[in-house]
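Hi there,

Here is the structure I promised to pass on to you. Have a look at it first, and then read on for my notes.

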Amino acid sequence: AKQYGWLPWDGHREGLKAAQRVMNFCLDQSIPNLSLYTFSLENFRRPQDELHFLFNILMKEVKQKLLGEFIAKEVSFSFIGDWSKFPQEVIPICKEIEKKTKNLSALKINLLFCYGGQQELVSGIKSIVQKVKSGQLSEDEISDELLEQSLWTAGIPAPDLIVRTGGVKRLSNFFLFKAAYSEFFFLDCFWPELTHTHLEDVVESFYIRQRNFGP
């Protein structure tokens, strides 16, 4: 948006279009799971008018204009994050989208909303500590599998590949636990500029990489 002299919410609208392109690409390629970093806990620092657009206008636009398309394409949605931080006005919309798409199976999309990888780990550890203190668990039962089951992202497959746009080469608090053996791809284009060709190149490169699950 800054590059073209647009308002921030114009960039967010273009970002939504990019998300649709990625969704359609996954459907075409029979990729079963897609996780999108929609809104981080750190994003609350953004200007209030921008947050107002994201929470009130964009979410309603998804519900009113796009939900029918998602259902027709058998796409299910889950909102993953700290639900206690979700703005009250969007919670009913999030729950409605989850309910209406719950049993669809062509593509499962996880929308990481009010999410942060460090905060997710702290939440999971607190849950385990409480169970140990109450006697539900012993220390010997603590494992990486137990921690995974205690996370907001419990049950979501670890990503095979993670794509980061904008020329930035960092995770930015995304999937810190599940990214242990993910393949990373860094693109110089901004998210709204992401094209079908970019995605094809990433997937092609992924399939020719030699993946190692160890040091």
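What pattern does the chain follow when read along the sequence? The order is α-β-α-β-α-β-α-α-β-β-α, and the secondary structure adds up to six helices and five strands. Please keep in mind that this is a predicted model.

Now to the sheet. Three strands make up an open sheet with parallel pairing, and their order is S1-S3-S2. The edges are taken by S1 (33–40) and S2 (75–80); each of these has a single partner strand, so one side of each is left without a neighbour in the sheet. On average, neighbouring strands here are turned by 20 degrees against each other, with direction ignored. As a reminder, strands of a sheet pair through backbone hydrogen bonds, either parallel or antiparallel. S2 and S3 (residues 107–115) pair in the parallel sense, over six bridges. If you would like a spot to zoom in on, Phe-79 stands opposite Leu-111 in S3.

As for the chain as a whole, its radius of gyration is 18 Å, which agrees with the value near 17 Å that a compact globule of 215 residues would have. Along the principal axes, the C-alpha atoms fill a box of roughly 55 × 45 × 35 Å. Of the 215 residues, 40% are buried. Looking at contacts between residues at least 6 apart in sequence, 71% join residues at least 24 apart. The chain exposes about 12600 Å², and carbon and sulfur atoms supply 53% of that area.

Enjoy exploring!

Best wishes

Conventions:
Residues numbered from 1 in each chain as written. Predicted model: local features only at pLDDT ≥ 70, side-chain atom pairs only at ≥ 80, totals over all residues. Heavy atoms only, no water. Pairing = 2+ DSSP bridges. Helix = DSSP H or I, 4+ residues; strand = E, 2+ residues; numbered from the N terminus. Axes fitted to C-alpha atoms, helices over the stretch in contact; angles between N-to-C directions. Rg over C-alpha atoms; globule rule 2.2 N^0.38 Å. Buried < 20%, exposed > 50% of the residue type's maximum accessible area, 1.4 Å probe, protein only. Contact = heavy atoms within 4.5 Å. Areas by Shrake-Rupley, 256 points an atom, 1.4 Å probe, with all protein chains shown as cover.
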